Amino acid sequence: SRHLYGAMNRDLTGIEAFFLDFQCVPFPLSLILSQTAISNYQLLFRHLFFVKHVERRLVGTWLDNQAMKEFQSLRKSLAPTLGLRQRMLHFIQNLVYYMMFEVIEPKWQSMESTILRRKNEGSWSVDGANKGGGDSGQTVDDVLAAHNNFLRQTLRECLLTNGNLIRTLTKLMTTCLLYCDQMDLFVEMTQINEERERIAKEERKKRQQNISINSFSKKSRARAKTAMAARKARRGEHLERLEQELDSQSYKRMISRFNEVFNNNLKDFMEKLTSNGDERFQSYCSNLCTRLDYNGFISGSLKLDA
C-alpha cells in the first residue's frame, strides 16, 4: 500500500492518493521510461498535484474574503485572518513557482539540449554503432543517462529526497488545508456566499431587463426603492453576523492557534533549508529561501538565526 510522501501517520485522502500511471510502455521507449523512472514521475506528480491543490484552496479562501472587504468597520477584526491567509498563500505560490520555473523547466531544457547536442555529434543507436558518420556513435545509454540525471536533480531540488524537509512541508500544507476548512465553516455560518449570490442575481436580473431608473413609471420606482431598502437591511444583518462571529473568543482562539502552528512549522522549515552544511544543497535551496524571505520579513518576525 502507498503512503503520503510526508510519512504522516494517517490515511490518504483522494487528493493525496491520486496519480497517473502508464500501464504499457512500448519498446524502445521502455528503455528510458522504466518502472523506476515512472515511479519517480509519479512521486513528483503527486507532490506537485498536492501543492497545487493547497494553492487552489487558499485562492478560494481569498475569493471568499473579498466579499467582506466592503465592510470597512471590519478591517481591524479581519486583519489577523487576512494576514495569516496571505502569508500562507505567499508561501505556497512561491513554492509552486520555484518548483515549476526554477527547477523543472530549466532542468528539462538542459536535458533536451544535452540530448540534441549529442545527437548532432552522431546518430543515436541501440548497439552503439555509428550510423550518422560522426566521430563517435551515440547510444541509448546516453539518452538514459541524461534522463536519469534530469530525474535525480529534479527530485532533489524539489526537496523530495530530504525526508525531514518533506515532513515539515507536509505539516505546513496540512495546516493550510485545515485553515481553509475552518474558513469554509466561517463562510457557511455567516452566509457570505448566499448574500453574494443574491446580490449577483439581482444585478443580473436588472441587466437582463435593461432597467433604467430614469425610465421607471411611478409604480416601478417605488418597487425599486423597496428593493434597495430590503438590500440595505440585509446588508446590516449580514454585517451584524460577521461582527458577532469575528468578535467571539472561539474564533479569535482558532486564528491565534493557526497562526502559532503555521509560524512554528515555517520556522522549522526555514531553519532546515538554511542549516544544511552541504554546499550543493545550499546552492539550489538559496533560490527558494530568497523567494520565501525576499524582504527579510520571515527571518525577522520568526527571529531566525542569520
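Visitor: How many residues does the largest nonpolar core have, and which have the most contacts inside it?
Guide: This is a predicted model. Its largest nonpolar core has 55 residues. Leu58, Phe91, Ile92, Tyr179, Phe269 and Leu273 have the most contacts inside that core.

Visitor: Which elements give two or more residues to this core?
Guide: They are α3 (35-66), α4 (75-121), α6 (163-190), α8 (218-246), α9 (249-275) and α10 (279-292). The largest share comes from α4, with 13 residues.

Visitor: Is there another core, and what residues does it have?
Guide: Another core, of nine residues, lies apart from the largest one. Ala37, Met111, Ile115 and Leu151 are among its residues.

Visitor: Back to Leu58. What does Leu58 touch?
Guide: Leaving out residues up to four places away in sequence, Leu58 touches Arg85, Met88, Leu89, Ile92, Cys176, Tyr179 and Cys180.

Visitor: Two cysteines there. How many disulfides does the count come to?
Guide: The count comes to zero.

Visitor: Why no bond for Cys176?
Guide: Because the closest cysteine sulfur, in Cys180, is 6.8 Å from the sulfur of Cys176, too far for a bond. A disulfide needs the two sulfur atoms within 2.5 Å.

Visitor: Is Cys176 buried or exposed?
Guide: Cys176 is buried, at a relative accessible area of 0%. Cys289 also counts as buried, at 13% relative accessibility.

Visitor: Now the surface. Which residues make a nonpolar patch there?
Guide: Val59, Trp62 and Leu63 make one of about 230 Å². Trp62 lies in helix α3, and is partly exposed with a relative accessible area of 33%.

Notes. Residues numbered from 1 in each chain as written. Predicted model: local features only at pLDDT ≥ 70, side-chain atom pairs only at ≥ 80, totals over all residues. Heavy atoms only, no water. Core = buried A, V, L, I, M, F, W, Y, C linked by side-chain atoms within 4.5 Å. Buried < 20%, exposed > 50% of the residue type's maximum accessible area, 1.4 Å probe, protein only. Helix = DSSP H or I, 4+ residues; strand = E, 2+ residues; numbered from the N terminus. Contact = heavy atoms within 4.5 Å. Patch = residues over 30% accessible without salt bridge, like charges linked within 9 Å, V, L, I, M, F, W, Y side chains within 5 Å. Areas by Shrake-Rupley, 256 points an atom, 1.4 Å probe, with all protein chains shown as cover. Salt bridge = Lys/Arg side-chain N within 4 Å of Asp/Glu carboxyl O.
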